[in-house]
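Visitor: Could you take me on a close look at the largest pocket, please? I'd like to know what its walls are made of.

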Amino acid sequence: MSAPVERWSDRVVRVLAGNPSPMTLEGTNTYVVGEPGADSVVVIDPGPADGEHQRRVLAACDGRRVELVLLTHGHADHSEGARGLAEETGATVSALDSAWQGPGAPDLARGRPLPHAGVVLVPVPTPGHSADHCCFLFRAERAMFTGDHILGRGSTVVDWPGGDMGAYMRSLSGLLDYDLERLYPGHGPLVPDASAKIDEYLDHRHQRERQVLDALASGDRTPAEVVARVYAEVDPALHPAAELSVRAHLAKLVREDRVKAVGDGYEPAP
């Protein structure tokens, strides 16, 4: 059982939201980030709109001002509490999705360094899980805040149709360029070996792609049929989420002319 508040480094405190589920694991990880001795902090992914969670986040700030609220993406379990936290603290909210951008918020799409709270975070747009997903590089720790791009345990859903499997796999590969040591995920435990986890995620997606192709070659035609075969050992309660990733795989394979869409189904390309 994870403690609600844990210090994961001298500069990073993880505050666990009380929203555990098969999809969110123990719950959403909210991060309070700041250099020791700084009078302000940055909050990454405020999590759900939950009063108790917001109180824990503010307590973890230890009296320091919240200077900036960053979102890895707009899914409710990461973003719903952003406006409430911003209203209470006077902080501005910044995200790739302009709907979340507060007045004077930095433009994350440009990837410019964000010097706040005595630390420097660099936005790294990582479309795939969702179109608006953005990780945050923290060079001082050779670390990356990964949101739902990479979890601390298990695999993430590529949330078709907003998610894109081709973009997701390219974004995963791109993280290998940053010489990372650790990952701070949106759900699950801290990842101490970043390269190994990225390789694991890439291998998993390539394996799933092969399994999808094998399922079509065996006669499966609908995404649900592919899920029933490929995810036979997975809890059926997770099959609807798995189908989103399978549909994302199929859309990628169709674009690559490796699979053909036929009516409501799919078949191997001739």
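Guide: Let's sort the wall residues into classes: Ala, Val, Leu, Ile, Met, Phe, Trp, Tyr, Cys and Pro count as nonpolar, Asp, Glu, Lys and Arg as charged, and the others, Gly among them, as polar. The model is predicted, so local features need pLDDT of at least 70 and side-chain atom pairs 80 or more, while totals for chains, interfaces and linings use all residues. Numbering runs from 1 along each chain as its sequence is written, and side-chain values use heavy atoms, without hydrogens or water.

By those classes, the lining of the largest pocket (an open set of 1 Å grid points with protein on both sides within 12 Å along at least five of seven lines; lining residues have an atom within 4 Å of a point) holds eleven nonpolar, nine polar and six charged residues. The volume of this pocket, the space filled by probe spheres set on its points, is about 540 Å³. Of its 26 lining residues, Met23, Ser155, Thr156, Val157 and Ala241 lie nearest the centre. H5 and H7 are the elements giving two or more residues to that lining, and H7, with four, has the largest share. H5 spans 194-217 and H7 239-255; both are helices (DSSP runs of H or I, at least four residues, numbered from the N terminus).

These two helices turn up again around helix H4 (165-175): what covers the buried residues of H4 (under 20% relative accessible area with a 1.4 Å probe, protein chains only) includes S10, H5 and H7.

Key. Buried < 20%, exposed > 50% of the residue type's maximum accessible area, 1.4 Å probe, protein only. Contact = heavy atoms within 4.5 Å. 1 Å grid on protein atoms, 1.4 Å probe; cavity = no way out; pocket = protein on both sides within 12 Å on 5 of 7 lines; lining within 4 Å.
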